Structure formats: C-alpha cells, structure tokens
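Q: Could you take a close look at one part of this structure, the smaller details of a single chain and how that chain meets its partner? I am new to it, so please explain the terms as they come up.

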Amino acid sequence: MTAPEPVGGFSRCPKCGSTEISYSQRSGMLVCQFCRYSWAEQRIEEALGFDTDIGGLKGTVVSAGANQIDREADAVVTLKCQGCGAEVVINSATNVQARCHWCRSFLSLDARIPNGAVPDAVLPFAVTHEQAVQAVRAFAGKRMTFAQPAFKREFRPENVVGVYMPYFVADVNAEVSVRGIGEVETRRYTVKVGDRQETRYDADVYDVGREFTLTMDDLVLESSARRAGQSADREQETSNIINAVLPFDTKNAVRYNANYLGQYTSEKRDLDVSQVGGSLARMVFGTGTAHMRAALGPYDRGVRWEQGAVAVDGVRYLSTYAPIWLYSHYERRGGGAELLHYIAVNGRTGAVMGSVPVARGKLTLAAFGVFVATFVPVLGVLLWG
Amino acid sequence: MYHAAIASSSSSSSGSSDLFVLAIPFVVAIAFWVVTYRRYRNQDARHVFEETPSQVSNLRSLDQRVHHRTGLDFSEIEGRNDDDALAPIPIEVTGEVSR
C-alpha cells in the first residue's frame, strides 16, 4: 500500500509566484526573496494522514519518498522549466536546485524520482552555524589535553558543515514476546573459605515470560547504508557519533521543499524499507524489554532473557531529511590507514557528541604518573602504616 | 625489594590483603587510561532508541517457580540482560517486516 504522492517539481511563492525562495533559519519559514512573503510547508504527518491511531495500524504503508529505490535510475535528471519550457539538467546526487539558464527561474527537485534523492519530509535547521561552532569548540575544548597534535593543530570549528541526513521515520504496531529465567534471592549468608569470609546466596528460580502489544511513534532509522554501519567503510569512520545525537523532534517535520535545503548539502538515501526491517524489529524488541524492566521488580537478582519474538502487525514509513552539523578530522594511522572522526551537533536540538583522536603515548605517560602518585602513599601505608 | 619490605612489616596472615592494597595503583592507573580514552572517543555512544515514544498494552505475564538454588557466588543472575536493550537475544521476526 502506498500513501498518496504529493505533487512537486516547481516551487513558487504562493503569493507572487516567484521562484526565488530561501529558508530563514531565524523564523523557521520560507521567505520569498521577491515579495518577502513568508510561509511554512504543512506538517508531514497531517499532510500524509500519518497522524492516525498507531494501535489500529495493519499492513505496511510506504510513503512515496520511502518507495523502493531504482538502482538503475540515473542521478542526472532533466527538469522542464515551467517558466519558459527550457530543459535544465540537474545532478540529483549533489544538488536539488538549479537555475534555468534562460529565464533565471529556480527549479527545485521536489518531484519524486526513484533514486532516493527526494524524501517526503524535511526538518529544517534550527541551530545556527554560530551555535554549532560554539558547541563543537566547547566539546573539543574539554578534550584537548590528550588529543593528537594534528587534531589540535588543524582544529577549526568554523569549518563545521551543515548536512541533511536521510532517515526513515516509522510508526509500528507489534506484538512482542520475551522468555527467560529470573531469580529471587531467598537468603544471603557468609561462609568461611580458608581464612576468608565469603558471601553466598540462595535463590528461587522462575520461568519468566512477557507478552504485550507495543506501539512506537516515530521510530527513527538510518536510511543511508554508510551511516547505518552497513557499508564496507564502517571501520574507517566514527558513524556511531552521528547516530548518537538523535533523536529529532520529528513531529515538526514539514513536507519536503527543496528551498529548505538552501546552501546545505544532503546525503542521498540508499536503503529501502525492506533493508531496515531487521533493525526495526531489533529496536522494537529492545524497546519492549526496556518497558518490561519496571515490571520485573520482584526479581531482585535480575532476569536473563533467552529468546523472544516480534510480530509486526502494522508499520508505516516515511522518509525525511534531518539536519546535522558535522565537524570532521582524518586521523592518519600506520600503513596508510585513516580513521574519520566526527563531532556532530543535532541541527534541531543542539545535542552534541564526538570522537577526538587520542595521543595514546601521552595518555599512557599520564597513566604512569597516576600510578606513581598512587603507589607512593600505598607503599607508605604498607611500610609504616 | 618491595615484597621483602612488605614481608618484614606484615604478618603472614595479612599477606593477601597487602597484595590487594599493592594492586590499587595498577587498577587506578588502568581505570584512568580507559575512562579518559572512552571520554575522548565515545565508541559506545548511540541513539537511545528505546526512549522513542511508545506504549505497552495488553500485557500478559508468566512467573512460574521452577526450582531453588543454593550456595551461589554472585548477587546477580549469571548473564543478566534485562537492563540491556541491545542484548543479543535470539528473536523470531514475523509479520510486516519479515518479508
């Protein structure tokens, strides 16, 4: 089942019809550069009818922007200018907007093309470049003591770059079951082992099972293989850092309009919903067991879950672009190997996470200093205490 | 040399506790290295997806006592994983995402 496809291809100011539109980060609105009229696109959940009860969700609904990628689709797309009729070529791998070389109209790649370049929704940047620079500087500033000299030498937080990352946002209605062993302590006592006293425990052992319905609202999944750790490059970069600045306020995502992207770059989606099903099921299961923790109170020795099942009754996907500020640094390692370190700032919430390359020799030397500083008083206690 | 000094200053019954105290500087130094490295590299950082808005309903529970164990060494069940949303528990997936 596929949600209704929106019409797109040529963005005009709703008031004067100009195509010169830009995104104002301050107001969070699109602004016509000709008549200064400002407006925002409709929220995507309302636009697609994805704001209905998740508990009643049956089957799979995939929005137009999350549809299967045509691997043969060319990244180069020809747009027909609706201002003058000229044909303008655009490389969707790098751009979603072009200017008609005849009439100077702006052409926006809002039409759904089957190569994954155009999502259903976008969460515009709310964190400014200045705020991102400050966040990166503060994060790295606390980690300079043992940072590698090259990182310190090359550190230029002003080089942080705004990128729109592709994600699937899924609503899920699932039945979850989990089975395992739980233990309840019945007695705690000490026994003499040689010349030592040791604690021992007695426990009742239970067969524990839980079955429940779980609904999840706006579960965010990576839709770029590289960011999801599914690419061959996963050992050469710190993608988990970008993942760690989630979540986004997905409820505020608006219908995609290329004008929101402005000067920012974007990364194309290259995963289909069929390739994220396993991850989705794992996340549903993990969320389910997290919910169950509160219901395991009597098992004071804990529970060891041993098997589980997830039956997804209904799921609906939409694809969205979400904003990330990225600062990157290449660490050159021996043998020509490199590791790409990121410091990422969530472009909506300002949450920050990063990876700073460590000068291991210096850190080891400092650890040796800590050892000496601790060893001297310990020795004193043993000798004279 | 240290051992000789310690031996001369300690009774034989306190030998094991002396060794334990001697291990403290090693443990502190290793902990310093590991904690600092982790703070810089954040290799375990991840999206806490289990905090996504979600709701549980229609909960059915099974709690069946099966036997009793005595003389256990540890205060927690072996292999405890109820507090780990990423625990590699085998799961069977059916329905809309199994295709």
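A: What follows looks at chain B, from its elements to its contacts with chain A.

This is a predicted model, in which local features need pLDDT of at least 70 and side-chain atom pairs count only at pLDDT 80 or more, while totals for chains, interfaces and linings use all residues. Residues are numbered from 1 along each chain as its sequence is written, chains are lettered from A and ligands numbered from 1 in the order in which they are written, and side-chain values use heavy atoms, with hydrogens and water left out.

Chain B holds 2 helices and 2 strands, and from the N terminus on these run α-α-β-β; helices (H or I, at least four residues) and strands (E, at least two) are DSSP runs, numbered from the N terminus. Of its 99 residues, 24% count as buried, where buried means under 20% relative accessible area, exposed over 50%, and partly exposed in between (1.4 Å probe, protein chains only). The accessible surface of chain B comes to about 6,600 Å², and 57% of this belongs to carbon and sulfur atoms; such areas come from the Shrake-Rupley method with a 1.4 Å probe, and for residues only the protein chains shown count as cover.

Helix H2 of chain B (residues 15–41) contains Ile30(B), which is exposed because its relative accessible area is 55%. Together with Phe26(B), Val27(B) and Val34(B), Ile30(B) forms a nonpolar patch on the surface, with about 390 Å² of accessible area. Patches are made of residues with over 30% relative accessible area and no salt bridge, like charges being joined within 9 Å and nonpolar side chains (Val, Leu, Ile, Met, Phe, Trp, Tyr) within 5 Å.

In the loop between H2 and strand E1 (54–72) of chain B lies Asn42(B), whose phi is near 50 degrees, a positive value in a residue other than glycine. Asn42(B) counts as buried because its relative accessible area is 15%.

Turning to the partner, 74 residues of chain B are in contact with 100 residues of chain A, contact meaning heavy atoms within 4.5 Å. The rule finds 6 salt bridges across this interface, each a side-chain nitrogen of Lys or Arg within 4 Å of a carboxyl oxygen of Asp or Glu. Arg60(B) and Glu175(A) meet through their side chains in a salt bridge (3.6 Å, N to O). On the side of chain A that touches chain B, strand E11 (residues 196–222) of chain A gives the most, with 22 residues.
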